Amino acid sequence: MPEIDPSFTALPHRRLGTVALARAQELGAGHADFRFERIRNQHLAVRDGVLQTALDADDVGFAVRVIHRGAWGFASGVVLTDEEAMRVAETAVAVAEVAAEMTSTPVEIAPEPVYADVSWVSSYDVNPFDVPIPEKAALLIDWTERLRQGAAVDHATAAVGQVLENKYYADLAGTETTQQRVRLDPEALAMGAGADTFDSMRTVAPPVGRGWEYMTGGIKDWDAELDEIPELLAEKLKAPTIEPGRYDLVIHPSNLWLTIHESIGHATELDRALGYEANYAGTSFATYDKLGTLQYGSNVMHVTGDRTVEHGLATIGYDDEGVRAQSWDIVRDGLLVGYQLDRPMGHMKPELNGGRSNGCAYADSPGHIPIQRMANVSLQPAQDGPSTEELIGRVEHGLYVVGDKSWSIDMQRFNFQFTGQRFYRITHGELTGQVRDAAYQATTTDFWGAMEAVGGPQTWELGGAFNCGKAQPGQVASVSHGCPTSLFRDIRILNTTQESGR
Amino acid sequence: MTQHSPGHGVSPQSLVEHALAASMGDDCVVIVTESTSANLRWANNTLTTNGVMHGLHVSIVSFVKQAGGVSVGSVTGSATTQAEVNELVHAADAAARSAAPAEDANDLVGERTTPDWADESVATGIEVYDDVAPALGEAFGRAGAAGRVLYGFVDHQVTTTYVGSTTGLRLRHVQPTGHFACTGKTADLTNSAWVGRATRDFTDVDPLAADEELARRLEWGRRRVDLEAGRYDTILPPTAVADVMIYAYWKADARSAWEGQSVYSRRPTGTRIGEDIARPEVTLSSDPAYDGLQCAPFVVASASSNVTSVFDNGLEVAPTDWVRRGRLSALRQTRHTAEMTKQPVTPVVDNLVLDVAGGTGSLQDLVAHTERGLLLTCLWYIREVDPQTLLLTGLTRDGVYLVEGGEITAAVNNFRWNESPVDLLRRFSHASGTVPTFSREWGDDFFSRTAMPALRIPDFNMSSVSPAQ
């Protein structure tokens, strides 16, 4: 089990925290928290056998957040001196004083037990920052060269994002947490052209909370996935265009995770339901008055929120408000039963989680204020449930959807449209080749209401993304979504070429 | 804006000089960006979050000549001391020594100094809202009393960028970026409106006037008409035109076009430069000196990619027509892709202007001359569906209005649309004059500086109804 990186623990976070919190208290802040972060980020990108991008960026800094005169005050800094820690604490209090004039509802936060000097490290074997860039680049170069051996492949790219995140949190109540997470986001893409068309085919392996062992070890069969991509692309380029209409869909986890993210994950963020994101990310149709009564989907639908699943991208020990990670139900037997919370919302809705936050506060950098961000929101499989093949076997006239591609959903999380890496026609329970130009479009509750069956645990996979955006100023978060292959009846399919008026 | 920045003992310029002296590479480029920002966010007629931030980032690009070419190492970190800069320089030098030769290798740009190189960084702070904050508080009160609910955000950032090189670059640029945006809803949350604008200094932002405009728009929504999906005569205001034109600009990189992967490709290898892709009245351009939209007049690149090259740091960014009188005339280039595509070097510019020759009057004039159609407020959640046509999908948001006999007569439900911005530039029937505008979708975090006309599209494709309110 890796330990907290000594080059992080050597930084002056504890001393600056002590100085800043003492200053905030001296100035009268009722609550104050201090967060110090170092985020190491490396992005390597290869195009046609050449390393094109090697972006190596560290972000180090700290922030002080206070509740003062009933208002939030937040300030951040990058100069790692006692004087600056004191100045940032003073700025946070001064900002709260400006904010107090415009805050009509005083800010209060839910209580949380004190965790005195605890630490937590995510589950991984090899820190990607311990692997030399040339070695990592060589792997990606090899991937693109292998893809380009396919006759249909004109160009190929491969990339991997790597993050090592260290967070130290301390508050006036006495909680002190030191944490470390590692995550990876690999992908490879083959591009090609037919007579009057061009297209691409991408790996569907998800980003994960793992180390470099994900790229090399026995966790994921990269050879198998890379070997099949050129042929899959060749088939897609020659495939017939889809006849628009209504189809039954069998959706693989590599596509369904994103539909879960957009239509369940964001819709059950309580800050959205309360209107905090109305000017930006949007609100939610799943308003608070519908808790316990909204039929979100069919009765096979069981959705959980968690910050605990091993290798999950939103998994952590303690959130950015010092709340211990938890898991809970969001949709049970198709009914809306829960939301994602931070401490202010935990205080506001004490009936939801026993008056406590369920640990969804997150800030993407030392310079940003924590807000409620998404837990790992996952669809549970049916114990002894069917295999993917069995689900396909139940469909007369339909499509099997693999891999995510284009995505869009409205600001209240009703109307969505998704495409995929590949759509296979299902005829009389059998796959009968790819089709092109398909997109599925539905309204959230209609779609989940049309879910006839979820697959068994053998079909369950953890997907996810590095690039979930929310808040003003904008913050980016990583999150995982697990799901089984699932069967949906009678869903609207568009032909995207016809949509463009051609 | 104030002429001082939060405490640090070492000036950005001396960090640049220190890094250049410390590098053991054959050449070195150092980029220092110092940013300060202040923001206020509100919802339900009360402030929710806020912040005052300071960031200082140092990027070191080390160049090492070796057999077969020049290899590059690039490292960025939040360094504020010479010791921290030393660590970055060592890491960049080591990365360069172990790297393979770069495909985009080129001569570094030679000696150039901006006259204000030695000036201090420019900073902003919470005081930029000294006038705006009390007015906001007053707007919350007014709105609440009148049954309106306000949600919004103000953000002001000032970034000072320094680029130095062993070849004699000493370039400095100060970039103020700010915006005000506010959503208003009726108390029952069934009716929604939005206003937003970019600003460089907040002297031109009036929250009370914005609240009045929201009240006017919510009043339009007192009558509600439900319409089916279909193709409608639709007026896109400048902000919505910016939403889709920014996407068309992002996808206009020369290499993707050259290698056959974009709407600007002429297959099998080649670009559509020289082809008529839009109506002949259309010019889409960028100019770093455009009044009110001023942006960096030189290239800043801390890492190479498909659309950037570290070798181009300091290269002059000139006014560029991407589409001139309807003809595709340039794509976003590095010197490397310019050589590949045999085209002039036209680096990306951080602003975008659409002009339609003969387009005059305002959005209101377009409305007044429309017999029956839709007026949009803004667009949302825009994503590429098909790169071949640059088909985009997205939603209408915060106000779709029915125009009848030149007047706004009702609010209509929202729609999901599927459209290509390149097609829209061929199909529009009317255009207003060009005005500065702020993209709702991309303005916050990605692309703030635009000037656009309103466009009327006779057959805009509303693919399905969105029940979102």
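The exercises below, each with a worked solution, concern a predicted model.

**Exercise 1. Find which residues touch the most other members of the largest nonpolar core, and which helix gives the largest share of this core.**

Solution. Begin with the core as a whole, which holds 75 residues, and among these B:Tyr264, B:Leu354, B:Leu374 and B:Leu455 touch the most other members. Next, ask where the members come from: the largest share of this core, nine residues, is supplied by helix α5 (residues 238–250) of chain B. Then take one of the central residues and list what surrounds it; leaving out residues up to four places away in sequence, B:Leu455 touches, among others, B:Ile235, B:Val241, B:Leu354, B:Val356, B:Leu366 and B:Phe428. Another core, of 63 residues, lies apart from the one just described, and A:Ile260, A:Ala375, A:Val401 and A:Cys468 are among its residues. As background, nonpolar side chains in soluble globular proteins tend to be buried together.

**Exercise 2. Check the span of helix α2 (residues 82–98) of chain B, and work out why its buried residues lie on the same side.**

Solution. The span comes first: with 17 residues at 1.5 Å a residue, α2 of chain B should span 24 Å, and because its end C-alpha atoms are 24 Å apart, the expectation and the model agree. The second step is to pick out the buried residues of α2(B), which are B:Val85, B:Leu88, B:Val89, B:Ala92, B:Asp93, B:Ala95 and B:Ala96. These residues cover an arc of only 160° around the axis, and therefore they sit on the same side of α2(B). The spacing has a general basis, because an α-helix has 3.6 residues a turn and residues three or four places apart point the same way. The third step is to look at the face turned away from the buried side of α2(B), where the exposed residues B:Ala83, B:Glu87 and B:Arg97 are carried. Finally, the cover over the buried residues of α2(B) includes α1 (12–22), β2 (46–66) and β3 (69–77) of chain B.

**Exercise 3. Decide whether B:Ser121 is buried or exposed, and place A:Leu335 in its surroundings.**

Solution. B:Ser121 belongs to the loop between β4 (112–113) and α3 (132–145) of chain B. Its relative accessible area is 2%, and because buried means under 20%, B:Ser121 is buried. A:Leu335, by contrast, is found in strand β11 (residues 335–336) of chain A, and its relative accessibility of 25% makes it partly exposed. Apart from neighbours within four places in sequence, A:Leu335 is in contact with A:Gly292, A:Thr293, A:Leu294, A:Gln295 and A:Ile330.

**Exercise 4. Describe the second largest cavity and the second largest pocket by volume and lining.**

Solution. The count of cavities of 30 Å³ or more comes to nine, and the second largest of the cavities has a volume of about 210 Å³. It is lined by 18 residues, of which A:Asp199, A:Lys236, A:Lys405, A:Asp437 and B:Val385 are the closest to its centre. The elements that give two or more residues to this lining are β7 (198–202) and β16 (415–427) of chain A together with β14 (372–386) of chain B, and the largest share, five residues, comes from β16(A).

Turning to the second largest pocket, about 940 Å³ of space lies in it. Of its 39 lining residues, B:Gly196, B:Arg197, B:Pro436, B:Thr437 and B:Phe438 are the closest to its centre. As for the elements, β7(B) gives the most to the lining of this pocket, with six residues.

Conventions: Residues numbered from 1 in each chain as written. Chains lettered and ligands numbered in written order. Predicted model: local features only at pLDDT ≥ 70, side-chain atom pairs only at ≥ 80, totals over all residues. Heavy atoms only, no water. Core = buried A, V, L, I, M, F, W, Y, C linked by side-chain atoms within 4.5 Å. Buried < 20%, exposed > 50% of the residue type's maximum accessible area, 1.4 Å probe, protein only. Helix = DSSP H or I, 4+ residues; strand = E, 2+ residues; numbered from the N terminus. Contact = heavy atoms within 4.5 Å. Expected span 1.5 Å × (residues − 1). Arc of directions from axis to C-beta. 1 Å grid on protein atoms, 1.4 Å probe; cavity = no way out; pocket = protein on both sides within 12 Å on 5 of 7 lines; lining within 4 Å. Points joined across faces, edges and corners; volume = space filled by probe spheres on them.
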